[in-house]
Amino acid sequence: MRVLITGAAGFLGSHLADRFLADGHSVVGLDNFVTGHPDNIAHLIGNDRFSFIRHDISTYTYVEGPLDGVLHFASPASPIDYLELPIQTLKVGSLGTHNALGVAKAKGARFFIASTSEVYGDPLVHPQTESYWGNVNPVGPRGVYDEAKRFAEAITMAYHTYHGLDTRIVRIFNTYGPRMRPRDGRVVSNFIVQALAGEPLTVYGDGSQTRSFCYVSDEVEGIYQLYMKGDHNPTNIGNPDEYTVKQLAELVVELTGSKAPIVHEPLPTDDPKVRRPDITRARTMLGWEPSVHVRDGLVRTIEYFSRHLGTPMMARREPRVRPGQVRAD
């Protein structure tokens, strides 16, 4: 197969490109490096089955040659990203998804949209099944991401129903592992970088809110299997093992051997109190479930950050758009 992956220089997109290439397929990567980074795909340069287009999928998009699949993974995906880049987040979820669907339709390709557990908002149902419609504040600070992904699901289903496009929808739960950016607002990378630097680990609220953490190799394998043999209905891919944020902080301190204290800050607006996927559908339809325990995954992720901290990519901490400079485009 020859597939297009948007957001290919991002955390998940780059690992997904690796997975397709490992099975002998060809990958066209597309990214504009707003939140992705060239280092994530540097190892693929020179591979004759990989090509790259630097481009913003939210604008008119043309890809030369046949495509069997279009996988739309381009989007800011961490709280700090979509709070700094609200318009870009909305555009890539709406215009970007529309453009990517147009490419898939023109090529007769399967379309795969990377949605998120954020479509469930601050859930009133626990664990979250795909049939749950969610509890989302559309005008809150997280609404730009939540509603962009909900729209992306809706337009994907419309193309499936109206145009007969072969589509997939994955709802991705908290994922971690190598190639995450430090200090990107995700709790795993924040805690690890703080612990390795000897800084206090910042827990928001009392730390009783829960999350479910899936190691990247498990997540990507679930996504790959869903692309290959799933159906058009939304499917949760994540790890159902649930931890409080405080438990995660304590585990990172233990595994890094850090002496850093844990400090508490006010809880952000609309921060979900619980998050845990029901993966019955993925288990039944795909025969998939995660296999990497969070302790083992954290050890691998800590090793990655230990090797890379201090390089230009890992050291950058400045916001891409400073307060007062958020563009309307």
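Here is a short tour of a predicted model of one protein chain, from its overall build down to a few individual residues.

**The whole chain**

Let's start with the big picture. The chain holds 10 helices and 13 strands. Its radius of gyration is 19 Å, close to the 20 Å that the globule rule gives for 329 residues, so the chain is as compact as a globular protein of that length. If you draw a box around the C-alpha atoms along the principal axes, the box comes out at roughly 55 × 45 × 45 Å.

How much of the chain is buried? Of the 329 residues, 54% are. The chain exposes about 13,900 Å², and 53% of that comes from carbon and sulfur atoms. Take the contacts with a separation of 6 or more: 81% of them link residues 24 or more positions apart. As for charge, there are 34 positive and 37 negative side chains, and the centres of these two sets lie 2 Å apart.

**Three helices**

Now for some of the helices. The table lists H1, H4 and H7 with their lengths and spans.

| Helix | Residues | Number of residues | Expected span | End-to-end C-alpha distance |
|---|---|---|---|---|
| H1 | 11–22 | 12 residues | 16 Å | 17 Å |
| H4 | 143–163 | 21 residues | 30 Å | 29 Å |
| H7 | 245–256 | 12 residues | 16 Å | 17 Å |

For H1, the distance between the end C-alpha atoms agrees with the span expected at 1.5 Å a residue. H1 is mostly covered, with 10 of its 12 residues buried. Among them are Phe11, Leu12, Leu16, Phe20 and Leu21, and the buried set also includes His15 and Arg19. Right after H1 comes Gly24, with a positive phi near 90 degrees.

H4 also agrees with its expected span. Its buried residues include Val144, Tyr145, Ile155 and Tyr159, along with Asp146, Lys149 and Glu153. What do the buried residues of H4 pack against? Their partners are helices H2 (79–84) and H3 (86–107), plus strands E5 (110–116), E6 (167–172) and E11 (234–237). Just after H4, Gly164 has a positive phi of about 70 degrees.

H7 reaches 17 Å from its first C-alpha to its last, close to the expected 16 Å. Its buried residues are Val245, Leu248, Ala249, Leu251, Val252 and Val253. The buried residues of H7 pack against helices H5 (187–196) and H9 (294–308), and against strands E8 (201–204), E9 (210–212), E12 (242–244) and E13 (262–265). Gly257 follows H7, and its phi is positive, near 70 degrees.

**Two loop residues with distant partners**

Loops deserve a look too. Gln209 sits in the loop between E8 and E9. Is Gln209 buried or exposed? With a relative accessible area of 9%, Gln209 is buried, because the cut-off for that is under 20%. Leaving aside neighbours within four places in sequence, Gln209 is in contact with Tyr204, Tyr243, Thr244, Val245, Leu267, Asp271, Pro272 and Lys273. One of these, Leu267, is 58 residues away along the chain, yet its C-alpha atom is 9.8 Å from that of Gln209.

Val274 lies in the loop between E13 and helix H8 (280–286). Val274 is partly exposed, at 21% relative accessible area. Apart from neighbours within four places in sequence, its contacts are Pro123, His126, Gln128, Thr210, Arg211 and Glu242. The C-alpha atoms of Val274 and Ser208 are 8.9 Å apart, although 66 residues separate the two along the chain.

**Backbone details**

A few backbone details round things off. His126, one of the contacts of Val274, is joined to Pro127 by a cis peptide bond, with omega about -5 degrees. Pro127 is in the loop between E5 and H4.

Phe33 is not a glycine, but it has a positive phi of about 65 degrees. Phe33 is in the loop between strand E2 (26–31) and strand E3 (50–54). At 19% relative accessibility, Phe33 counts as buried.

Asp270 also has a positive phi of about 65 degrees without being a glycine. Asp270 sits in the loop between E13 and H8. With a relative accessible area of 31%, Asp270 is partly exposed.

Notes. Residues are numbered from 1 along each chain as its sequence is written. This is a predicted model: local features need pLDDT of at least 70, side-chain atom pairs count only at pLDDT 80 or more; totals for chains, interfaces and linings use all residues. Side-chain values use heavy atoms; hydrogens and water are left out. Helices (H or I, at least four residues) and strands (E, at least two) are DSSP runs, numbered from the N terminus. The radius of gyration is taken over C-alpha atoms; the globule rule is 2.2 Å times the number of residues to the power 0.38. Buried means under 20% relative accessible area, exposed over 50%, partly exposed in between (1.4 Å probe, protein chains only). Contact means heavy atoms within 4.5 Å. Accessible areas come from the Shrake-Rupley method with a 1.4 Å probe; for residues, only the protein chains shown count as cover. Lys and Arg count as positive and Asp and Glu as negative; His and the chain ends are not counted. The place of a charge is taken as NZ of Lys, CZ of Arg, CG of Asp or CD of Glu. The expected span of a helix is 1.5 Å times one less than its number of residues.
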